[in-house]
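Colleague: I should like to go through the reasoning behind the descriptions given to this model. Please set each value against the criterion that it has to satisfy.

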There are 2 protein chains.
Amino acid sequence: MIVSSTASGLPSPHDPRPPVCVLGLGLIGGSLLRAVGAAGRTAWGHARSAATADAAVADGYDAGTDLADALRRADRERAIVVVAVPAPAVDEAFAAIAEHAPNATVTDVVSVKTAVLAAAREHGLTGRYVGGHPMAGTSESGWGAGFPELFRDAVWVVGTEDDSDPDVWTQVAALAFDCGSVVVPAAAVEHDNAVARISHLPHLLAEALAVTADAGGPLALGLAAGSFRDGTRVAATAPGLVNAMCEGNRDALLVALDDALTLLRDARNTLAQESSTAPLVSAGHTARTRYDERTHTVVEGIVPGSDGWTERMRDAGRRGGRLHRPDEDSFM
Amino acid sequence: MIVSSTASGLPSPHDPRPPVCVLGLGLIGGSLLRAVGAAGRTAWGHARSAATADAAVADGYDAGTDLADALRRADRERAIVVVAVPAPAVDEAFAAIAEHAPNATVTDVVSVKTAVLAAAREHGLTGRYVGGHPMAGTSESGWGAGFPELFRDAVWVVGTEDDSDPDVWTQVAALAFDCGSVVVPAAAVEHDNAVARISHLPHLLAEALAVTADAGGPLALGLAAGSFRDGTRVAATAPGLVNAMCEGNRDALLVALDDALTLLRDARNTLAQESSTAPLVSAGHTARTRYDERTHTVVEGIVPGSDGWTERMRDAGRRGGRLHRPDEDSFM
């Protein structure tokens with residue numbers, strides 16, 4: 001078995017920083033390939049489109065269009081395979097990994113986690129898969145839009161299930177650290193519930209606000225200022241991306257949307273009956289103030305693989321904890 | 001009768017740029033006193049609080065706490081009185097104007113217009129009152145927060161009713177121009193409907209989003225990024241200000257809120273039944289794109305007082321039209 005040399009010199013599969021094989025070279029995957037390269041790791045990418053692969057090669061990166069070839073290499077070198085394809089293509093990617101890279105560890109950077117975890121189980125990847133979600137992005141897409149600093153200081157959720165393998169978990173966390181991110185441990189379902197509230201719901205509210213304001217005609221749009229502009233900014237996102245995100249997190253989004261609908265219906269009734277908006281406005285101000293004043297505890301001392309480590313990690317995540325990159329000398 | 005000398009040298013009451021008496025020296029009134037002073041107009045202000053009046057005087061402005069005195073001077077000099085007090089204090093201000101300044105023209109800068117117009121009629125100010133609303137502000141308040149450029153390039157709605165007096169209307173428009181704003185003509189009810197959609201509804205949606213996200217706990221707030229921050233920015237506004245705005249525009253806000261609730265309920269049902277968010281997301285994207293690509297026609301050639309001028313002005317406003325400051329040589 002060929003094992004690539006890594007910075008730490010540890011052998012696979014316990015090497016926390018193995019080579020990296022990136023499937024999908026769009027904004028996220030392309031930025032990741034650049035970032036881990038900049039961090040000194042051996043990395044190569046696969047793109048379905050020859051134009052994308054050619055662009056990556058022209059920029060000095062190792063990329064190609066032969067999926068089986070990229071995965072067989074990942075298997076030989078005990079790489080970590082990062083699935084960075086759009087959500088609808090995850091299933092096909094996992095099938096190819098199951099076939100061509102039975103020894104590689106696997107993660108992903110898709111914005112929903114429950115469905116991806118279920119697909120990983122279905123394809124028999126349990127034990128060598130740990131999901132991830134870097135909370136980073138721009139309104140651009142494609143290889144050309146990527147840059148190695150995209151993930152710097154971002155939050156990278158690392159999937160933490162009861163049966164998560166500690167070595168794989170450590171590899172995914174190290175990937176996040178190498179990209180400059182901090183790590184928040186969370187179970188897939190907790191992640192999906194959280195992003196429904198802070199990412200998917202804001203999109204639906206922005207769309208509804210844009211439509212309601214537009215119904216006021218050019219007079220209303222002509223008077224629109226900061227509150228409208230900020231409140232509808234994400235409505236400018238390409239509809240296909242918004243639908244994919246929201247529909248991929250349907251169940252959690254329904255719960256968050258119902259919560260918001262209840263609040264707004266109650267506010268409507270209080271305004272109609274008591275001419276007051278005070279209850280909602282007061283609660284909203286309190287909530288936003290809590291966000292502005294939030295602090296993050298740094299999670300330390302939970303060793304992956306130690307007794308109860310997944311539950312302790314998740315508990316720390318629930319309380320707003322984050323893992324920072326350890327000093328190189330004491331790397332996990 | 002003492003008539004102050006003005007730039008155009010025209011006599012009152014047809015002088016479009018008479019002296020200015022500002023009631024209320026908070027952010028808006030204080031900025032207005034500074035702006036018209038910078039434009040070379042005679043101006044003085046009234047503040048209820050001695051500390052505020054003293055601060056204005058210390059900054060070189062003409063200000064005091066004797067309301068009757070300020071208004072009697074406005075009457076003598078045929079000034080335009082600008083009511084810049086909080087909405088709940090408008091009634092009292094109009095009563096004082098009716099008593100002490102029977103010859104002055106009157107406008108206001110309050111963010112709702114139907115209720116203020118009704119109060120003006122109630123106090124017998126019809127014929128010498130034309131409402132206004134500069135779409136400008138910051139999150140700060142008080143004299144100290146004001147600055148003369150606050151209104152530069154802002155939209156200033158000028159109330160345009162069937163019985164609006166053309167001379168008073170012209171005075172209010174000139175006030176907006178002197179502050180560096182453009183003028184959008186609109187009836188009070190049209191203004192209120194528009195701002196319900198582009199200003200008051202965004203506040204309620206932001207509050208609901210903040211509360212719903214906060215219900216996700218520290219994990220959700222810890223993952224929150226751009227879409228949450230932008231979508232909840234105005235939830236940081238002082239609750240008293242938000243309630244005053246929203247409650248003062250109750251009827252129009254209920255209509256806008258019902259529109260948004262219908263959209264969100266429909267989206268909820270489509271997501272639950274068809275696992276799709278496409279209809280709302282597509283409509284929202286179209287609406288936001290229309291906002292980004294909106295153009296403003298410059299309204300010219302409608303002479304206040306000419307046949308059908310109020311309806312022509314309102315019609316232009318409905319189509320997104322704006323009046324720009326005329327050249328000094330051809331000032332209205």
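**Helix packing and the chain interface**

Modeller: In this predicted model, helix α10 (residues 239-248) of chain A packs with helix α12 (residues 278-292) of chain B at an angle of about 150°, and their axes are 10 Å apart.

Colleague: Why are an angle and a distance both given for two packed helices?

Modeller: Because two packed helices are described by the angle between their axes and the distance between the axes. For α10(A) and α12(B) the values are about 150° and 10 Å, and the crossing is right-handed.

Colleague: Which residues make the meeting of α10(A) with α12(B)?

Modeller: From α10(A) come A:P239, A:V242, A:N243 and A:E247, and from α12(B) come B:A278, B:V281 and B:H285. Contact requires heavy atoms within 4.5 Å, so these residues are listed on that criterion. By class, this contact has 4 nonpolar, 2 polar and 1 charged residues.

Colleague: What makes the pair A:R290 and B:D214 a salt bridge?

Modeller: The rule asks for a side-chain nitrogen of Lys or Arg within 4 Å of a carboxyl oxygen of Asp or Glu. The side chains of A:R290 and B:D214 meet at 2.5 Å, N to O, so the pair satisfies that rule. Across the interface of chain A and chain B, the rule finds 6 salt bridges.

Colleague: How many residue pairs are in polar contact across the interface of chain A and chain B?

Modeller: There are 31 such pairs, with both residues at pLDDT 80 or more. On the side of chain A that touches chain B, helix α7 (residues 188-214) of chain A gives the most, with 20 residues. By class, that side of chain A has 47 nonpolar, 20 polar and 20 charged residues.

Colleague: What area do chain A and chain B bury between them?

Modeller: They bury about 7,700 Å², of which 70% is on carbon and sulfur atoms. A:L219, A:L223 and A:R288 supply 9% of the area that chain A buries against chain B, more than any other three residues. The contact takes 87 residues from chain A and 87 residues from chain B.

Colleague: Why is a positive phi noted in a residue other than glycine?

Modeller: Because most residues other than glycine have a negative phi. A:R78, in the loop between α3 (67-76) and β4 (80-83) of chain A, has a phi near 50°.

Colleague: Where is B:D153 found?

Modeller: B:D153 is in the loop between β6 (132-134) and β7 (155-159) of chain B. Its phi is positive, about 65°, although B:D153 is not a glycine.

Note on methods
Residues are numbered from 1 along each chain as its sequence is written. Chains are lettered from A and ligands numbered from 1 in the order in which they are written. Side-chain values use heavy atoms; hydrogens and water are left out. Buried area is the accessible area (1.4 Å probe) that two parts lose on being put together, summed over both. A polar contact is a pair of N or O atoms within 3.5 Å; within protein, one must be able to donate a hydrogen and the other to accept it, and residues adjacent in sequence count only if both atoms are side-chain atoms. Helices (H or I, at least four residues) and strands (E, at least two) are DSSP runs, numbered from the N terminus. Ala, Val, Leu, Ile, Met, Phe, Trp, Tyr, Cys and Pro count as nonpolar, Asp, Glu, Lys and Arg as charged, and the others, Gly among them, as polar. Axes are lines fitted to C-alpha atoms, for helices over the stretch in contact, and angles run from 0 to 180 degrees between N-to-C directions. A crossing is left-handed if the near helix is turned anticlockwise from the far one by less than a right angle, and right-handed if clockwise.
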